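Visitor: I am new to this structure, and I would like to understand the words people use for it. Could you show it to me and then take my questions?

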Amino acid sequence: MEIKCTGVAGTMESSDAMVTIEQGSGGIQLQLSSPVIHRFGNHMRSVILETLDRLGVKDAVVTVVDKGALDCTLKARVEGAAFRAAQCSEEQIPWGGAVR
Amino acid sequence: MINAVGRDIPEEVMKATGRDIFRGSLYHDNREYTKAAPTVRAKIDPTRSKLVGSIREALNRCGAHDGMTISFHHHFREGDYVVNMVMEEIHNMGLRNIRICASSLGKAHDPIVPYIEDGTITSILSSGVRGKIGEAISNGKLRDIAVMYSHGGRVRCIEEGRVHIDIAFIGAPTADECGNLRPNGGKSNCGVLSYAYADAQYADHVVAVTDCLVPFPNIPASISMVNVDYVCTVDAIGDPAKIATGAAKPTTDQRKLLMAKYCTDFVVATPYFKEGFIYQTGVGGASIASTIYLAEVMRQRNIRMGLGLGGIATPMVRLLEEGLIGKLVDTQDFDLGAVESVGSNPNHIEITGSEYANPMNKGAYVNQLDFVILAALEVDIHFNCNVITDSTGLITGAQGGHPDTAAGAKCTIVITPLLQGRSPAVCADVTTVTTPGESVDVVVTEYGLAVNPLRPDLMEAARSCGVPIYTIEELKDMAYAIVGTPEPIQFGDRIVGIVEARDGSIIDVVRQIKEFEFAD
């Protein structure tokens, strides 16, 4: 999936995450902040990277401002930001495919 | 050395702080000791005035010097001006290596952080440290290891002579020129001066700071003139709006209401819920809601509370006025309703910090508690509680009376949601132990309750109360099933604080915080 513009998904509410995906300059560059980064930082990073990998995002700058989101929320926000950044219209979202 | 809650306390910390490891709540029962005594100056000349015109003059007259220990109380809560104005003057005098012995420090004291950074303040003892002082200590900016003690532990610490106070600064809503101090009748009323009694009795020099000088005699006095050297008048000792706020609205948070309901259902099923029971609760949403539910059952069954103890807020005052409580015995007032009540209702009584919770006197009020309802940031499968460090390891809270009341009460109930955001509040091992699990009997969450296996007698009450029952391990597993298994917080090596158990031993240490680093 090619990142064409800046895509944002999520909020700054408690138990949510704000995900911003921008065009990269080779590879995935992740910046993650979270009140529970000490407890779940490594795990959250792998969830984010696996989600991007599943969507085929190979080249992006990804900023995640987490507010204590669970894995399901985090995945959904990364997916939302990625599709917006790739300028996918609703018909192009692979429901039941990469998005499960 | 490994202590009684399984924490490894480095020997160099024991040496640097002169303290033993925690060996169990009753380890020092019956221990004989000699109390410390202050060095005082006689005031024989009746014509010599105690009035001084400024904090600077008071400091000079008391012989303020490098390395001295000064003390403060926290009855003005987030509205306090006294700590900042005294520390600013000490800083302006160029004094260094000052030790602060406070009953607590909060966000109101953020302005003294630069004095920690420049070496004016090098040592702090406090129930806890919120706000920027907590951040400064957690970042290793204080020279000495900070000591966090409970309210009862602080009195013990002073009475044993573990800390000797050179000058006590006692903010007083009203004072007469002889130094009789009252917590009411002025511009900045705080209701009680409970935590300042020990300071008045054990400090070499005692300075009253007031913004309302009244004619002699200002009685009945909380602090008597026999212990006060100087009376200093200033424009304002605090911000009345932040000292005593309006009563908090009862919570509408369904999770808190459910926990409160479960808590009350359990309380009324125990054999301790009977005419004349003795009770303490906090001022959090779930605690107040559980008091309101409890009052309904008290009315239905015609059971009255003999005594309500501790920090007081309006809901308890209303029950006193309704006749559902016999006496309120008060060490701190959280809102205007409580301040007004203790100043006017003869059944609402101020007691000293020692009477409240000191483990080393001849018996404190906490020992008479049937129930205490507490909160916690974390509780683990050993029932140990953490009330001072957050999910990043930062010092953000205070012990208060948590370990004192937990140790004293026949039935100690900790209310906590299973999860605080993504942090499991019920966990395998708390980050910092502030209250030992041996003192905690029941944990109530929104999913159900767990009874400490040390208390099989309470298990019977739990079975009959209709609340879902789990083991503490099951509650922990439910939390981890939702959020995952947390990794331990990454700390720096330096130890920046100790958590003192009630008896003065070390129950845990707090390390310097550090930036999180990914595993690879």
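**Between the two domains of chain B**

Guide: Happily! Between domain 1 of chain B and domain 2 of chain B, the rule finds 19 residue pairs in polar contact, both residues at pLDDT 80 or more. Those pLDDT values are there because this is a predicted model.

Visitor: How many salt bridges are counted between domain 1 of chain B and domain 2 of chain B?

Guide: The count is zero. A salt bridge would need a side-chain nitrogen of Lys or Arg within 4 Å of a carboxyl oxygen of Asp or Glu.

Visitor: Which elements give two or more residues to the side of domain 1 that touches domain 2 in chain B?

Guide: They are H5 and helix H6 (151-159) of chain B. H6(B) has the largest share, with six residues. By class, this side of domain 1 of chain B has 12 nonpolar, 16 polar and six charged residues.

Visitor: Where do the two domains of chain B lie in the sequence?

Guide: The domain assignment places domain 1 at 46-243 and domain 2 at 254-489. Their centres, taken over C-alpha atoms, are 30 Å apart. The contact takes 34 residues from domain 1 of chain B and 30 residues from domain 2 of chain B.

Visitor: What is the area buried between domain 1 and domain 2 of chain B?

Guide: About 2400 Å², with carbon and sulfur atoms giving 55% of that. On the domain 1 side, B:Arg77, B:Met148 and B:Val192 supply 18% of the buried area, more than any other three residues.

**A buried threonine**

Visitor: Why is B:Thr331 called buried?

Guide: Buried means under 20% relative accessible area. B:Thr331 has 0% relative accessibility, so B:Thr331 counts as buried. You will find B:Thr331 in strand E13 (residues 325-333) of chain B.

Visitor: What makes the pair of B:Thr331 and B:Tyr195 a polar contact?

Guide: The cut-off for the N or O atoms is 3.5 Å. The side chains of B:Thr331 and B:Tyr195 make their polar contact at 3.2 Å, so the pair falls within that cut-off. Leaving aside neighbours within four places in sequence, B:Thr331 is also in contact with other residues, including B:His75, B:Val192, B:Ile351 and B:Tyr356.

**Around helix H5**

Visitor: Which residues of helix H5 of chain B are buried?

Guide: In H5(B), residues 131-138, the buried ones are B:Ile133, B:Gly134, B:Ala136, B:Ile137 and B:Ser138. Their cover includes helix H4 (113-117), strand E4 (121-126) and strand E25 (506-513) of chain B. Just after H5(B), B:Gly140 takes a positive phi of about 80°.

**Where chain A meets chain B**

Visitor: How do you know that A:Arg39 forms a salt bridge with B:Glu378?

Guide: The closest N and O atoms of A:Arg39 and B:Glu378 are 3.6 Å apart. The limit is 4 Å, so this pair qualifies. Across the interface of chain A and chain B, the rule finds three salt bridges. Helix H1 (residues 37-55) of chain A gives the most to chain A's side, with nine residues.

Visitor: How many residues of each chain are in contact?

Guide: 17 residues of chain A are in contact with 23 residues of chain B. A:His38, A:Arg39 and A:Phe40 lose the most area to chain B, together 47% of what the chain A side buries. The area buried between the two chains is about 1800 Å².

Key:
Residues are numbered from 1 along each chain as its sequence is written. Chains are lettered from A and ligands numbered from 1 in the order in which they are written. This is a predicted model: local features need pLDDT of at least 70, side-chain atom pairs count only at pLDDT 80 or more; totals for chains, interfaces and linings use all residues. Side-chain values use heavy atoms; hydrogens and water are left out. Buried means under 20% relative accessible area, exposed over 50%, partly exposed in between (1.4 Å probe, protein chains only). Helices (H or I, at least four residues) and strands (E, at least two) are DSSP runs, numbered from the N terminus. Contact means heavy atoms within 4.5 Å. Buried area is the accessible area (1.4 Å probe) that two parts lose on being put together, summed over both. Domain bounds come from an automatic or database domain assignment. A polar contact is a pair of N or O atoms within 3.5 Å; within protein, one must be able to donate a hydrogen and the other to accept it, and residues adjacent in sequence count only if both atoms are side-chain atoms. Ala, Val, Leu, Ile, Met, Phe, Trp, Tyr, Cys and Pro count as nonpolar, Asp, Glu, Lys and Arg as charged, and the others, Gly among them, as polar.
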